[in-house]
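The report below looks at model confidence first and then at charged side chains and their partners.

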Amino acid sequence: MKPVKLHIDAPDGARSIALDEELSIGRTPESDIVIADSGLSRRNTSIFRDGDDVLIVDERSTNGTFLNGEKLDDRPRIIRDGDTIRIGSSTTIRVEAGGTRTAETPPEQKPTAPVEAAAAPPPTYVAPETAPSAGFDPTRILLIGAVAFTLLIVLGAGAALLFSRESSPPPSNGNAALPTPKINTARRIPLRVIDPLGDQNEDDLDDLIASWETAEKEVDASTIADVTVGADDAAEADLNVPASLLADRQKKALEPRNAETGIRPAGLDVPKELYGDGVIKQKAKLREMKADGYHQPLDFPDLAEKRLNKELIEMPMAAQSYYLDVGGSASDGPFQSFAFPNVHADLVPGSQKMLAIGRLADNFAGHKYDLNNPADRKQMRIRLLRMFNPRAKKILLDLAEAYYKQFNRPLRVTSLTRSMDYQIGLNATNVNSFKVRDENALPPHTSGCAFDLARKHMTAAEQNFVMKELAAMENENKLDALIEYGQNACFHVFIYFDGLAPKM
């Protein structure tokens, strides 16, 4: 067989691997090739040989398998020398198939006329009659019967030939250059396409790590309103921030660097704490939260109630050491309630949700919003998206202060808490986002315990510094951190809601 190599360029480095028989690729040791790309499913893609043919099949992965830019379905496809495969968030594979292909068609598959058809007389054209026939004409009847019989023989021979090709094993010297390659469906292929290991499971955070990170639209500081806190809300006085500070911090955070920036700048050194254990700790803590009775917010009225009850607190939109780039995708439409599977309804006057959103609008830390004003509704949504668990505030501030002291730049925070309907709205425009399907799902950002830090604008030195700080906090059992690649390259941080390390 001709030699075949897979040249893999992934977040954890580049490598070349020879393909002997079959290789599966994924995020966990359940695959033959394990790649540290959080966008991969546990078992994402399989590549295997069938004689000289090389085939690829997607294992029903969350984010799919793309061959030369085309997303594959669950049927095997032949791949050729020079083809490019894209999987996960940022993994590409180039195929190198040695040897030369011949244009000659294998003898077994050379197009030949069926034997029966060759022995039969050619069809005879019968001109249509222009006038009714006078009486019975036996010659005409026999001629029509002969033509019909000839057509039946031709059709039968063609069907027999097709059946023999489909049911017989492919020859060992099968030619991948054929227009429509015949694949032996009686062999391993059906096992691959029904393999459930790649499926997304809402109850398994190991799978959901591949899809929950979805970037919102970048905040336009000119559309953000100042926050004015009433005199009787001294406990929330730090919320009193002008939008001009947000704009200044945004400009400072994104200013050009003298060194290389990006998803994988030269010198990036990822510690094992942000790579190694996946989301085992987050998975355990989310399970504890659900067992403790945590009610994930389905909609903005639910977020309003959590703020009124101080279950979640609002983070100031900016300070010297950070700014919140959240709420860029917030709408200005009327507030609605949400229920699964996909039911949006206007708020009922006098209902608990209507009362919650109304109470908050009347006194949002001393500021009053008009629910009939679209601009006010949007500002309320943006502020509700700035909330998270009270324990997370000190962790974020400590991290931001350390980063600012080292580099004189503010951290860019791109996600705090989201409601289910907001997350589902992001799903509609981003295939990589968390696919919320029922009320049993608990996306990390609806827990109030997660926040994201953008990193594409950072140098390797900046990213290494942040990762070192996060690794230290993880070792102190304060949080679980993870590096994310792809379009929404960030550091995903999950704090422990009760201040306790997960029970492993």
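Among the elements of the chain, helix α3 (residues 189-193) has the lowest mean pLDDT, 33, and strand β14 (residues 322-324) the highest, 98, where pLDDT is the predictor's confidence in each residue, from 0 to 100, and helices (H or I, at least four residues) and strands (E, at least two) are DSSP runs numbered from the N terminus. Over residues 160-211 the pLDDT is below 50, although this stretch has 116 contacts in the model beyond near neighbours in sequence, a contact being heavy atoms within 4.5 Å.

This is a predicted model, in which local features need pLDDT of at least 70 and side-chain atom pairs count only at pLDDT 80 or more, whereas totals for chains, interfaces and linings use all residues. Residues are numbered from 1 along each chain as its sequence is written, and side-chain values use heavy atoms, with hydrogens and water left out.

A salt bridge is a side-chain nitrogen of Lys or Arg within 4 Å of a carboxyl oxygen of Asp or Glu, and by this rule the count comes to 24, including these:

| Salt bridge | N to O distance |
|---|---|
| Glutamate 288 and lysine 285 | 2.8 Å |
| Lysine 285 and aspartate 498 | 2.9 Å |
| Glutamate 476 and lysine 478 | 3.2 Å |

Lysine 285 in helix α6 and aspartate 498 in the segment after β21 (490-495) are 213 residues apart, so this pair links distant parts of the chain. Lysine 285 is buried, at 0% relative accessible area, while aspartate 498 is partly exposed, at 24% (buried means under 20%, exposed over 50%, partly exposed in between, with a 1.4 Å probe and protein chains only).
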